[in-house]
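This briefing sets out selected side-chain pairings and the helix packing of one protein chain. The points below are grouped by topic for use at the bench.

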Amino acid sequence: MAELCEVNFRLVRRRSSVPRARALLRAKLGEWRAGEAPADVGELVLSELVTNALRVAVPGTG
């Protein structure tokens, strides 16, 4: 059975957080020796998630 790994980080709500999130993920997956294919897929998924989060209004702010 594979070992479960977890990482948490906070990002500022701005466009520059998208590449920052990708860089943080790529660095962590590199530490874990995850390989290029999982890093590429993870980077794409995370990029979409962060981008979508930036597009949605924050509840209670408008």
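**Salt bridges and helix packing**

E31 and K28 form a salt bridge, in which the closest N and O atoms are 2.9 Å apart. The model is a predicted one. The topics that follow are this pair, the charged residues that link the two helices, the packing of those helices, and two individual residues.

**The pair within helix 1**

- E31 and K28 are three residues apart in helix 1, which means that about one helical turn separates them.
- E31 is exposed, because its relative accessible area of 55% lies over the 50% cut-off.
- K28 has a relative accessibility of 23% and therefore counts as partly exposed.
- Side chains of opposite charge can pair when their charged atoms come close.

**Salt bridges between helix 1 and helix 2**

- The count of salt bridges in the model comes to four.
- R26 and E36 meet through their side chains in a salt bridge, with an N to O distance of 3.2 Å.
- This pair links distant parts of the chain, since R26 belongs to helix 1 (residues 17–31) and E36 to helix 2 (residues 36–55), 10 residues apart.
- R26 also meets E43 in a salt bridge between side chains, here with an N to O distance of 2.6 Å.
- The pair of R26 in helix 1 and E43 in helix 2 likewise links distant parts of the chain, and its members are 17 residues apart.
- How exposed is R26? At 28% relative accessibility, R26 counts as partly exposed.
- E43 is partly exposed as well, with a relative accessibility of 21%.
- E36 counts as exposed, because its relative accessibility of 53% is over 50%.
- R26, E36, D40 and E43 are joined into one network by salt bridges that share partners.

**Packing of the two helices**

- Helix 1 and helix 2 pack with their axes 9 Å apart, at an angle of about 150°.
- Helix 1 is therefore roughly antiparallel to helix 2, because angles over 145 degrees count as such.
- The contact involves S17, V18, A21, R22, L25, R26 and L29 on the helix 1 side.
- On the helix 2 side, the contact is made by E36, P38, A39, D40, G42, E43, L46, S47, V50, T51 and L54.
- R26, E36 and E43 are thus among the residues that make this contact, and they also belong to the salt-bridge network.
- The crossing of helix 1 and helix 2 is right-handed.

**S17 in helix 1**

- S17 is located in helix 1 and is one of the residues through which helix 1 contacts helix 2.
- Is S17 buried or exposed? S17 is buried, because its relative accessible area of 6% is under the 20% cut-off.
- When residues up to four places away in sequence are not counted, S17 touches L11, V12 and V50.
- Of these partners, V50 is among the helix 2 residues that make the contact with helix 1.

**N8 in the segment before helix 1**

- N8 is found in the segment before helix 1.
- N8 has a relative accessible area of 65% and is therefore exposed.
- The side chains of N8 and E6 are joined by a polar contact of 3.4 Å.

Conventions: Residues numbered from 1 in each chain as written. Predicted model: local features only at pLDDT ≥ 70, side-chain atom pairs only at ≥ 80, totals over all residues. Heavy atoms only, no water. Helix = DSSP H or I, 4+ residues; strand = E, 2+ residues; numbered from the N terminus. Buried < 20%, exposed > 50% of the residue type's maximum accessible area, 1.4 Å probe, protein only. Polar contact = N/O pair within 3.5 Å; in protein donor to acceptor, adjacent residues only side chain to side chain. Axes fitted to C-alpha atoms, helices over the stretch in contact; angles between N-to-C directions. Parallel < 35°, antiparallel > 145°, perpendicular 65-115°, else oblique. Left-handed = near helix turned anticlockwise from the far one by under 90°. Contact = heavy atoms within 4.5 Å.
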